[in-house]
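User: Got a model I'd like to walk through with you. Can we take it piece by piece?

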Amino acid sequence: MLDSNMNQEVLSAPVIDSEQPCVLVLAAGRGERFLASGGSSHKLHAMLGLQTVLQTTLAAVQASGLPWHLEYGPHPGMGDSIAAAVKATAGANGWLVLPADLPLIQASTLQQLALQLAQLESRELRVIQPFYQGQKGHPVAFSRAAAQELAELSGDLGAASIVRNAAENQRLWRWDCDDIGCVLDVDTVQALEEARRIWQARNS
């Protein structure tokens, strides 16, 4: 789990815009799998190029031009983290829920998800789930009508129950994208090394 000092290394978040969805960057996890795999620091403090994983993720979020909020806790589970972030950004026109350990996410992916969300009926609960080569990814986008259910979440399963209910009620949209950043999280040292290779190839 990271402390509040972590947000001193990033820019201040912009004011929430009632016309746009807000990107919720979730950074409250303990990173136990990363440490168990041989990591020597919290995964969000690991270096990817010249920046940390967290800084790299936030750079993409900032480049998207969308409002964003960094949620660092402490929280007992991802559901609690999402709930706190939604309550802190109650004026937003929907949310893109993004774990902070996805440093390869591209700004264009966030922009496209926000555009798709804007085209849906915001007064009804709608969810957009990105997929990369058949694998479920993030951020998952939620319309403003999901606010109450998101704000009541708790536990370790995040918003899985909301996504499942949306699917059962034909309110879940699947979006196939070509951004590996949607699925490559740095939960282990091995995943970090793969992310570094892709990052270097992108920037060479």
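Below, the chat goes from the whole fold to single residues.

User: What should I know about the source before we start?
Analyst: This is a predicted model, where local features need pLDDT of at least 70, side-chain atom pairs count only at pLDDT 80 or more, and totals for chains, interfaces and linings use all residues. Residues are numbered from 1 along each chain as its sequence is written, and side-chain values use heavy atoms, with hydrogens and water left out.

User: OK. How many helices and strands does the protein have?
Analyst: Seven helices and nine strands. These are DSSP runs, numbered from the N terminus: helices are H or I with at least four residues, strands are E with at least two.

User: And is it as compact as a globular protein of that length, or less so?
Analyst: As compact: the radius of gyration is 16 Å, close to the 17 Å that the globule rule gives for 204 residues. The radius is taken over C-alpha atoms, and the rule is 2.2 Å times the number of residues to the power 0.38. Along the principal axes, the C-alpha atoms fill a box of roughly 45 × 35 × 30 Å.

User: What share of the residues is buried?
Analyst: 50% of the 204 residues. Buried means under 20% relative accessible area, exposed over 50%, partly exposed in between (1.4 Å probe, protein chains only).

User: And the surface?
Analyst: About 9800 Å² is exposed, with carbon and sulfur atoms supplying 47% of it. Areas come from the Shrake-Rupley method with a 1.4 Å probe; for residues, only the protein chains shown count as cover.

User: What about contacts far apart in sequence?
Analyst: Among contacts with a separation of 6 or more, 74% are between residues 24 or more positions apart. Contact means heavy atoms within 4.5 Å.

User: Switching to helices. Which residues of helix 3 are buried?
Analyst: Helix 3 covers residues 78–88, and its buried residues are Gly79, Asp80, Ser81, Ile82, Ala83, Ala85 and Val86. They pack against strand 1 (22–26), strand 4 (68–71), strand 5 (95–99) and helix 5 (147–151).

User: You mentioned strand 4. Anything polar there?
Analyst: Look at His69, which lies in strand 4. Its side chain makes a polar contact of 2.7 Å with that of Glu71. A polar contact is a pair of N or O atoms within 3.5 Å; within protein, one must be able to donate a hydrogen and the other to accept it, and residues adjacent in sequence count only if both atoms are side-chain atoms.

User: Is His69 buried or exposed?
Analyst: His69 counts as buried because its relative accessibility is 17%. Leaving aside neighbours within four places in sequence, its contacts include Ala85 and Ala88, plus Val23 and Leu24.

User: Now helix 7. Which residues are buried there?
Analyst: Ala191, Leu192 and Ala195. They cover an arc of only 100° around the axis, so they sit on the same side of helix 7. The arc is that of the directions from the helix axis to the C-beta atoms.

User: What does that side pack against?
Analyst: The buried residues of helix 7 pack against helix 1 (32–36), strand 2 (47–48) and helix 2 (53–64). The face turned away carries the exposed residues Gln190, Arg197, Gln200 and Ala201.

User: Any odd backbone geometry?
Analyst: His138 and Pro139 are joined by a cis peptide bond, with omega about 5°. Pro139 is in the loop between strand 7 (135–136) and strand 8.

User: Which residues other than glycine have a positive phi?
Analyst: Gln133 is one of them, with phi near 50°. Gln133 sits in the loop between strand 6 (127–132) and strand 7. Gln170 also has a positive phi, about 55°, and is found in the loop between helix 6 (160–168) and strand 9 (172–176).

User: Why flag those?
Analyst: Because most residues other than glycine have a negative phi, and most peptide bonds are trans.

User: Are those two buried or exposed?
Analyst: Gln133 is exposed, with a relative accessible area of 71%. Gln170 is exposed too, at 71%.

User: Last one. What does the side chain of Ser143 reach?
Analyst: The backbone oxygen of Glu124, at 2.8 Å. Ser143 is in the loop between strand 8 (140–142) and helix 5, and is buried at 4% relative accessible area.
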